[in-house]
Amino acid sequence: MGTFLRTWRESVTPAEVGLPTGPRRRTPGLRRAELATLAGVSVEYLTRLEQGRDRNPSAQVLGALADALNLSLRERMLLRRLTAEADGGDPLLCAAAPPLGSGARPTVRAVLDRLEPSPAVVLNRIGDVLAHTGGYARLTGPIGLLDDERPNLLRYLFTDRRARVAYPDWDHVADDLVAQLRHAAPLRDPYVNDLADELTVTAGAAFTDRFADLGVAARRVGTQHLEHPEAGPLRLLHETLALPEEGQRIVVHLPADDATAAGLDRLNGRRPGALRAVRPAV
């Protein structure tokens, strides 16, 4: 919790919260005194929270800090989870992790069938590929993502050399996937811990630094650049649809420009113009 508060304080600029930016600031973020004033708490108390010497702030204090830092709803939920963890655990938040899903329900597979030939995939909470469309296989098969008997997005991204060639914006993709792993699973999830232990050994700091960074939240919507060996450069939007009861999600990839739409049409053996680009919101 203290790391989260400190990370967000250092990432919010004075201008974002209506404070003047002086010429002699040693940090681009907020000073403790500034955040304390905005939240209506003492600097001493904020210092104790950030240093982990006070682990039980009231709901009012958490709300005031979240307001001062302009946290989104998902970030506020994460702060609540971390507070429960620091305080020894909320029984509702720290219940035993449910079993890790190894397959998709028939109705979810039926949804995939109706998404063909769009690239779409069903993932569990640690990034295992449980089911996918033929369009997804044509998109990711040539880059090696589906080579393993049980493919996993994080394992591929951090341990397969082809991933850094396939994703020119590899750092952003890695940030998103690790944030999803860190924040979307139950507290003390043994499956997350097992994968984290594995990637700590196989990927090192590229993974561990991200896993320790509590200030990064996963995006449900975003853009990825993919260098495809057959279709060439692709610019893809992704939309995430949550399946909370199973701890799974459907990720659908859509073309963000006409060139990408044409490239996906070629991969799927369709006439040019069959797939229309989706313009990202500005």
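The questions below deal with how terms are applied to this predicted model.

Residues are numbered from 1 along each chain as its sequence is written, and side-chain values use heavy atoms, with hydrogens and water left out. Because the model is predicted, local features need pLDDT of at least 70 and side-chain atom pairs count only at pLDDT 80 or more, while totals for chains, interfaces and linings use all residues.

Q: What makes up the count of helices and strands in the chain?
A: The chain has 13 helices and 5 strands. Each is a DSSP run, numbered from the N terminus: H or I over at least four residues for a helix, E over at least two for a strand.

Q: Why is F158 called buried?
A: Buried means under 20% relative accessible area, exposed over 50%, and partly exposed in between, with a 1.4 Å probe and protein chains only. F158 has a relative accessible area of 10%, so F158 is buried. W170 is at 5% and is therefore buried. In the chain of 282 residues, 47% count as buried.

Q: What makes F158 and W170 an edge-to-face pair?
A: Rings of Phe, Tyr and Trp (its six-membered ring) pair if their centres lie within 6.5 Å; planes under 30 degrees apart count as stacked, over 60 as edge-to-face and the rest as tilted. The centres of F158 and W170 are 5.4 Å apart and the planes stand at 80 degrees, which is edge-to-face. F158 belongs to helix α8 (residues 153-159) and W170 to helix α10 (residues 170-184), 12 residues apart.

Q: Why is the pair of F207 and F211 called stacked?
A: The angle between the planes is 20 degrees, with 5.3 Å centre to centre, and the pair is stacked. Both residues lie in helix α12, 4 residues apart, or about one turn of the helix. F207 is at 0% relative accessibility and so counts as buried. F207 and F211 join F158 and W170 in one aromatic cluster, and the structure holds 4 aromatic pairs.

Q: How do you know which word describes the crossing of α11 and α12?
A: Axes are lines fitted to C-alpha atoms, for helices over the stretch in contact, and angles run from 0 to 180 degrees between N-to-C directions. Under 35 degrees counts as roughly parallel, over 145 as roughly antiparallel, 65 to 115 as roughly perpendicular and the rest as oblique. Helix α11 (residues 190-202) and helix α12 (residues 205-212) cross at roughly 140 degrees, with axes that come within 8 Å. The two helices are therefore oblique to each other. Contact means heavy atoms within 4.5 Å; here V192, A196, L199 and T200 of α11 meet F207, T208 and F211 of α12.

Q: Why are α2 and α3 called roughly perpendicular?
A: Helix α2 (residues 32-39) and helix α3 (residues 43-50) pack at about 110 degrees, their axes 9 Å apart. That makes α2 and α3 roughly perpendicular to each other. On the α2 side are R32, A33, L35 and A36, and on the α3 side V43, L46, T47 and E50. By class there are 5 nonpolar, 1 polar and 2 charged residues (nonpolar: Ala, Val, Leu, Ile, Met, Phe, Trp, Tyr, Cys and Pro; charged: Asp, Glu, Lys and Arg; polar: the others, Gly among them).

Q: What makes T47 count as buried or exposed?
A: T47 is in helix α3. At 14% relative accessibility, T47 counts as buried. Leaving out residues up to four places away in sequence, T47 touches R32 and R53.
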